[in-house]
Amino acid sequence: MKYEVVIGLEIHAQLKTDTKIFCGCSTRFGAAPNSQTCPVCLGMPGVLPVVNKKAVEYAIKAGLAMNCEIMRDNRFARKNYFYPDLPMGYQITQFERPIARNGHLDITLDDGGKKRIGITRIHMENDAGKSSHDPYRPVSLVDLNRAGTPLIEIVSEPDMRSAEEAGAFMRQIHAIVRYTGVCDGNMEEGSLRCDANVSLRLPGAPEFGTRTEMKNLNSFRNIERAILSEIRRQADILDEGGTIVQETRLWNADLGKSMSMRSKEDAHDYRYFPDPDLLPILIDDAWLDQIRADIPELPEAKKERYIKDLGLPPADAAVLTSSIELARYFETCLSLLDKPKLVANWVMVSLLALINAKGLSIADTPVSAEGLVELLNLVEKGEISGTMAKTVFEAMAESGKSARRIVDEKGLAQVSDSSAIEGIIDEVLAKNPAEVSAYQGGKTKLMGFFVGQVMRASKGKANPAVVNQLLEEKLKS
């Protein structure tokens, strides 16, 4: 394509507090419509908001995790805009003095390289409610349970140049907010969503092109699809000599295209001014140090440690650190069995296949980290083969029983007794004299055939190492 793509994201993360940002109403998802409201979040005259301290701490934690400068003196502003589902008639947000600014994250590109994406600002604000429109009658319904839910908005610099880079940045944000515990990251429920600003320009042009905003994208796939669609749409318009209109567009995932929603406003259109009901938030050293000390090892640092200290390939490290729950499971296994690559293979292949097939979370898996290690120890001790271990794992997943119990109940223990295996080998060799002669005549690849026959005759219980050793001895004689 002859145009350079310029992308910036505005990401909204719902803070994982029990109550709303300016009142004591619950933030629990899925409650009956309008059951979690009070005079404050309903915008009644004469009420006063009170800031949720936990929401402020979560915003600071997110800012620190994203390498931001924390604004020690920050304050709320009113953003004047008609929200049909925010009854106070304005949004309480932050404008000139956000809680965090000038941050960055490094994303991993497809070729394994790194790229730094700037973060302009992170600010706190309250969410609006939810409107639903009756498809059969001229009626709209409003649920205000979500009105007043605490959000942070993470505004990136326009540093991304492809849909893939935008997807990588969003995945990085998703991992960080979940690692730090500030947001549950549930994109299906709207806890994490983003707006994508997209523009095109000719390579080398000094100014950005006119941007459009793709609104409320709530999955990694939809973010990339919507951006690619908008790139194609703008390129077609420019190729035909047209002009891009600055507007907000709504992505229809079912149709795979966007539609115009409204003209895009600039900051001055919102008539921001400091909220007179809320005092500035002052952050001292002690409070900041306390929050900083509570930040865990973040996904990028953890991934680098897995590569450097554990010797794992970058692809393995990326998978294992993709969620904090998976990383915890892996590290629990590793604390019990110091075999990083062996444990990683089982976690990435068998465990992930299990939870994906059954639609489970890591917390709900019937095979605990301790249970998986017990299984791997049986393999390490030579009590069962690696092939048999896969059968045992499947049985553990179905029954919830321990590996040892399944092996004992089903008689799956590996046979390592030389005399027992020797008898099976003698029978196999006696039944295949032509193959024996061929092997002894130089066709050594037949060793695999003999091993397979012995394993089949022993119903997979014979120790493969003992089988190979005894076969070599007998076929030489």
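This passage walks through the sheets, the cysteines and two unusual backbone angles of a predicted model.

The main architectural element to start from is an open sheet of nine strands with mixed pairing. Reading across the sheet, the order is β2-β6-β7-β10-β1-β11-β12-β13-β14. Its edge strands are β2 (69-70) and β14 (257-263), each of which pairs on one side only. Helix α3 (residues 220-239) packs on this sheet, where it touches β1 (4-14), β11 (192-201), β12 (212-217), β13 (247-252) and β14. The direction of α3 makes about 25° with that of β11. At the β2 edge, the pairing with strand β6 (residues 100-108) is antiparallel and rests on two bridges. One residue pair can be picked out here: E69 has R101 of β6 as its bridge partner.

A further set of pairings involves strand β4 (residues 77-80). Strand β4 runs antiparallel to strand β5 (residues 90-93), and four bridges join them. Strand β4 also pairs with strand β15 (residues 273-274), again in the antiparallel sense, over two bridges. Residue A77 takes part in both pairings: its bridge partner in β5 is T93, and in β15 it stands opposite P274. The side chains of β4 divide between two directions, with A77 and K79 pointing one way and R78 and N80 the other. All four of these residues are buried.

Turning to the cysteines, the structure holds zero disulfides. Why does C41 not bond to C25, the closest cysteine by sulfur position? The two sulfurs are 3.8 Å apart, which is too far for a bond, since a disulfide requires sulfur atoms within 2.5 Å. C41 counts as buried, at 5% relative accessibility. For C183, the closest cysteine sulfur belongs to C194 and lies 13 Å away, so this pair is also too far for a bond. C183 is buried as well, with a relative accessible area of 1%.

Two asparagines deserve a look for their backbone angles. N34 is not a glycine, yet it has a positive phi of about 60°. This residue lies in the loop between β1 and α1 (53-65), and at 36% relative accessibility it counts as partly exposed. N216 likewise has a positive phi without being a glycine, in this case of about 50°. Where N34 sits in a loop, N216 has its place in strand β12, one of the strands touched by α3. With 42% relative accessibility, N216 also counts as partly exposed.

Terms used. Residues numbered from 1 in each chain as written. Predicted model: local features only at pLDDT ≥ 70, side-chain atom pairs only at ≥ 80, totals over all residues. Heavy atoms only, no water. Pairing = 2+ DSSP bridges. Contact = heavy atoms within 4.5 Å. Axes fitted to C-alpha atoms, helices over the stretch in contact; angles between N-to-C directions. Buried < 20%, exposed > 50% of the residue type's maximum accessible area, 1.4 Å probe, protein only.
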